[in-house]
Amino acid sequence: YNNSIQIECLAPQQVNGTVEVEIAFNSFDYTANHVEFVVTPQPIVNAIYPRSGPITGSTPVTVFGDNFFATPYLRCRFQFNSTLSAPEAAYQDTVAEYLNGYTLTCPTPQVTSLYAGPATVMIANELLDFFYDQNVTFHYYVPPQVIIVDPSQGSELGSTVIGIQGVDFNNIHNSIRCKFNSTLSSVPAVYVNETYVTCVSPPYPLYDNGAAYPIDDGTGSIESPPTATTFLELSFNDGVDYTSNHVQYRYLPTPNITAIVPRAGSVLGGTIITVMGSNFIPTSFLTCFFNLNTSSLPAGSSTLSVAAVYVSSTQLTCQSPDVHSFFSGPLIDPNTDTQFPILLSIANSAIDPNQIVLQSAEYIYYAQPVVVSLYLSRGSSAGGAVVRVDGAFFKNITGDIRCRFGSIESPRFAYYINST
């Protein structure tokens, strides 16, 4: 009894359906006003998705179960367990959205860091009667922060392994993902520790005709190729909630090679090669790769890389490495007559596996030529003497054979006779 117009009754356990509620003040004489009370089955909670989210709240949680009803009082309750830091157990309710008898959604309430940890998810069809499964819990975590992305740029082809540093990382349900803005698909991340995760960049998106399109950098502005800036964010609940630290990651175009000069050089290296093409970017990772995995070389050959010197977006230079010291055996012994082609390619970004096999130009290594003697070893200061050079390992690979007398080059190409 509350007052002359209000009393409270405890509903007994009974079968589902509609019953009439009447009252009696002497245990015998009941009213006959026919006010109906609907008895519904007890809601059942089987699972939720996602199973974790930040303490800032507003994570949309989907609840799967049975016996959900579209009533005005449909509610989700998040019951927080008592801990040493929060000795008093507490709860917060949010309004649920009915989808069907087996599914509903509700936003998580915001809580303080005292309640970081598991919270039991309860459901009520009628506001007061909450039911739950003790095994179905939502785990609150402190919002992670992304601080550093390394490398901060990579190939448009993707496959760049990126290290991400920050604070408050977690691996509660093994559901970490990396996102490169809304226009790119998210990718799985690998948890290392609470301050470090890694992920592999997805490819830069392409139109059907192969032309790259601009990416929204998150501010509403568009940066067109050749580069595209994105913001790399992390999710720790399978892509439902992401960080918003706006740490930049830049996609770089694939360099195109149209020509290299010279096209051949000694196995002892040291040749300055000018590379001409397009899409060269002045990054700290600008690299020339000498791909030695060819049929001309022994099994197990590898790739040598050297730093490239940026000249312009269409030109750079690099110095050929010494492959004689890299291998052993007669194939590239400088005292053995040999020549073999390799593939030279360029990368703007950190070493990406796909980068090495695309946009390559052939470069030929040959045995170091040796000058033994001259036939006609004297001549007039006016020039014009035809001098025959004798030696070993002479090649006519490029047709660009020259002689130098002191510091002065011969005014015309030399005529190739034979290898000696």
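This briefing describes strand pairing, side-chain contacts and backbone features in one protein structure. The model is predicted. Its features include an open sheet of 5 strands with mixed pairing and an open sheet of 4 strands with antiparallel pairing. A search of the whole structure finds 2 salt bridges, and the count of aromatic pairs comes to 10.

**The mixed sheet of 5 strands**

- The strands of this open sheet follow the order β4-β11-β10-β6-β7.
- Strands β4 (52-54) and β7 (90-95) stand at the edges with a single partner strand each, so one side of each has no neighbour in the sheet.
- On average, neighbouring strands of this sheet are turned by 35° against each other, direction ignored.
- Strands β10 (residues 117-124) and β11 (residues 130-141) run antiparallel and are joined by 7 bridges.
- Within this pair of strands, Y140 in β11 stands opposite G117.
- T120 lies in strand β10 and counts as buried because its relative accessibility is 10%.
- The C-alpha atoms of T120 and Y132 are 7.5 Å apart in space, while the two residues are 12 apart in sequence.

**The antiparallel sheet of 4 strands**

- This open sheet has the strand order β3-β5-β9-β8.
- Its edge strands are β3 (44-49) and β8 (97-100), each of which pairs on one side only.
- The average turn between neighbouring strands of this sheet is 30°, direction ignored.
- Strand β8 runs antiparallel to strand β9 (residues 103-107), and 3 bridges join the two.
- N100 has T103 in β9 as its bridge partner.

**The β25-β26 pair**

- Strand β25 (residues 287-291) and strand β26 run antiparallel, with 5 bridges between them.
- T303 in β26 is the bridge partner of N291.
- In a regular strand, side chains alternate between the two faces of the sheet.
- Strand β26 (residues 303-307) shows alternating side chains: L304 and V306 point to one face and are buried, whereas T303, S305 and A307 point to the other and are not buried.

**Salt bridges**

- One salt bridge is formed by the side chains of D93 and R77, at 2.7 Å from N to O.
- D93 belongs to strand β7 and R77 to strand β6 (residues 75-80), so this contact ties together parts that are 16 residues apart in sequence.
- D93 counts as partly exposed because its relative accessibility is 34%, while R77, at 15%, counts as buried.
- A salt bridge also joins the side chains of D390 and R388, with an N to O distance of 3.2 Å.
- R388 counts as partly exposed because its relative accessibility is 40%.

**Aromatic contacts and the nonpolar surface patch**

- Y249 and Y251 form an edge-to-face aromatic pair, with 5.4 Å from centre to centre and 90° between the planes.
- Y249 counts as buried at 0% relative accessibility, and Y251 counts as buried at 1%.
- A cluster linked by ring pairs comprises F78, F80, Y115, F138 and Y140.
- On the surface, Y1, I7 and F25 form a nonpolar patch whose accessible area together is about 410 Å².
- F25 is found in the loop between β1 (17-21) and β2 (35-39); this residue counts as exposed because its relative accessibility is 69%.

**Backbone features in loops**

- Most peptide bonds are trans, and most residues other than glycine have a negative phi.
- The peptide bond from D150 to P151 is cis, with omega near 0°; P151 is placed in the loop between β12 (145-150) and β13 (153-155).
- A cis peptide bond also leads from V261 to P262, with omega near -5°, and P262 has its place in the loop between β22 (256-261) and β23 (264-266).
- H246, which is not a glycine, has a positive phi of about 55°.
- H246 lies in the loop between β20 (228-235) and β21 (247-252) and counts as partly exposed at 44% relative accessibility.
- N279, likewise a residue other than glycine, has a positive phi near 65°.
- The place of N279 is in the loop between β24 (272-278) and β25, and N279 counts as partly exposed at 26% relative accessibility.

Terms used: Residues numbered from 1 in each chain as written. Predicted model: local features only at pLDDT ≥ 70, side-chain atom pairs only at ≥ 80, totals over all residues. Heavy atoms only, no water. Pairing = 2+ DSSP bridges. Axes fitted to C-alpha atoms, helices over the stretch in contact; angles between N-to-C directions. Patch = residues over 30% accessible without salt bridge, like charges linked within 9 Å, V, L, I, M, F, W, Y side chains within 5 Å. Areas by Shrake-Rupley, 256 points an atom, 1.4 Å probe, with all protein chains shown as cover. Salt bridge = Lys/Arg side-chain N within 4 Å of Asp/Glu carboxyl O. Buried < 20%, exposed > 50% of the residue type's maximum accessible area, 1.4 Å probe, protein only. Phe/Tyr/Trp six-rings, centres within 6.5 Å; stacked < 30°, edge-to-face > 60°.
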